[in-house]
Amino acid sequence: LNLFAQQYFTKTLLETDEGKAIGLSYFKERGVREDLVHKFQLGFSPEKRDAFSDYATQHGYKKDYLIKTGLSVEKENRLYDRFHARVIFPIHSASGRVIGFGGRILGADKNRPKYVNSPESDIYNKSKTLYGIYFAKNALISNDNCFLVEGYTDVISLHQAGIENVVASSGTSLTYDQVRMIQRYTSNISILYDGDPAGIKASFRGIDMIVEQGMNVKIVLFPDGEDPDSYARKHHPSEVESFVTDNAANFILFKTRLLLGETQNDPIKKAALIKEIVNTIALIPDGISRSLYVKECSVLMTISEQVLMSELNKI
């Protein structure tokens, strides 16, 4: 059913007047090349509220499945399309099967959410899924690194810039299952952020979990007001690649610097920071790496290695 839906949405985007005028022109405006529209199987769901539901029913798909996959919603005994009047991003499993969809509204309707996603179903489990994993697999292995971004368009823009080892957590904070999925292909992960410190601090807990899995985590901060999508659209692919490579900072040192900037030489705040950093270092499974971080952080925080070591040993 999901494959049938994907083919319908893609056909609507590429072959109908409404799809071309609204959906395709949106992708062109965003600078998405046609080969990437085909590669990611992007689509469009028409304005008519029951266009897809009617089409699927006519083709013999049962109401029960239309509701269970979340493609249709039932109201007063009638089926309506969950994604009507949206551009469609199919979500693929690691083996390339379509397991769900994300839909983005194009108008400025305040009463409708900007993005709508398929609900959890027998085949779609959000916490075990990464957007773009199917298209990134080979590049993750060959580059031995995974770039983690937030949204669908970030993934597509980076692919367009020639960076294919990229996946998105689709707005949820990372889960153990997603980390393990990446770990099948590489033990290096670089998280790409737009320059919002509050958002970065909120994600520290999720990153601690990656450290705990024995992965090497780096952080790439984009300039203020830029995200991977906008940056990739404004710069040449080689510039994007060198920006990401040159600005990748080790997570523990990055976290130390960011929090150190907030302590303003206040001893109480600094003590809390030291405990926080030691807690993160304690998560690293490898003893050699742990002692190297103690060494570097002691220099950054101007505190003796012995003190950090004894705190670490307590944990």
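This briefing describes two sheets, the helices around one of them, two helix pairs and one buried side chain. The structure is a predicted model. One open sheet has four strands in the order β1-β4-β5-β6, and another open sheet has five strands in the order β8-β7-β9-β10-β11.

**The four-stranded sheet**

- In the open sheet with the order β1-β4-β5-β6, the four strands are paired in the antiparallel sense. The edges are taken by β1 (43-45) and β6 (115-117), and because each of these has a single partner strand, one side of each is left without a neighbour in the sheet. From one strand to the next, the twist averages 30°.
- Strand β5, which covers residues 98-105, runs antiparallel to β6 and is joined to it by three bridges. As for individual residues, R104 has Y115 in β6 as its bridge partner.
- Helix α1, made up of residues 2-15, packs on this sheet and touches β1, β4 (86-92) and β5, while its direction makes about 35° with that of β5.
- Helix α7, made up of residues 152-160, also packs on the sheet, where it touches β4, β5 and β6, and its direction makes about 75° with that of β4.

**The five-stranded sheet**

- In the open sheet with the order β8-β7-β9-β10-β11, the pairing of the five strands is mixed. The edge strands β8 (166-168) and β11 (248-250) each pair on one side only, and neighbouring strands of the sheet are turned against each other by 30° on average, with direction ignored.
- Strand β9 (residues 188-193) runs parallel to strand β10 (residues 216-221), and six bridges join the two. Among the bridge partners, I189 is matched with V217 in β10, and I191 is matched with I219 in β10.
- Strand β7 (residues 146-149) pairs with β9 over three bridges, again in the parallel sense, and the bridge partner of F147 is S190 in β9.
- Six of the six residues of β9 are buried, so this strand is largely enclosed by the rest of the structure. The cover extends to both faces of β9, since N188, S190 and L192 on one side are buried, as are I189, I191 and Y193 on the other.

**Two helix pairs**

- The axes of α1 and helix α2 (residues 17-29) come within 6 Å of each other and cross at roughly 90°, and the two helices therefore count as roughly perpendicular. At their contact, T12, L13, L14 and E15 in α1 meet D17, G19, K20, G23, L24 and F27 in α2.
- Helix α14 (residues 267-282) packs with helix α15 (residues 287-300) at an angle of about 160°, and their axes are 10 Å apart. With angles over 145 degrees counted as roughly antiparallel, α14 and α15 are therefore roughly antiparallel to each other.
- The crossing in which α14 passes α15 is right-handed, and the residues that meet there are I277, I281 and A282 in α14 and R290, Y293, V294 and C297 in α15.

**A buried side chain in helix α8**

- Q178 is placed in helix α8, which covers residues 176-183. Because its relative accessibility is 0%, Q178 counts as buried.
- A polar atom of the side chain of Q178 lies 3.4 Å from the backbone oxygen of K126.

Terms used
Residues numbered from 1 in each chain as written. Predicted model: local features only at pLDDT ≥ 70, side-chain atom pairs only at ≥ 80, totals over all residues. Heavy atoms only, no water. Pairing = 2+ DSSP bridges. Axes fitted to C-alpha atoms, helices over the stretch in contact; angles between N-to-C directions. Contact = heavy atoms within 4.5 Å. Buried < 20%, exposed > 50% of the residue type's maximum accessible area, 1.4 Å probe, protein only. Polar contact = N/O pair within 3.5 Å; in protein donor to acceptor, adjacent residues only side chain to side chain. Parallel < 35°, antiparallel > 145°, perpendicular 65-115°, else oblique. Left-handed = near helix turned anticlockwise from the far one by under 90°.
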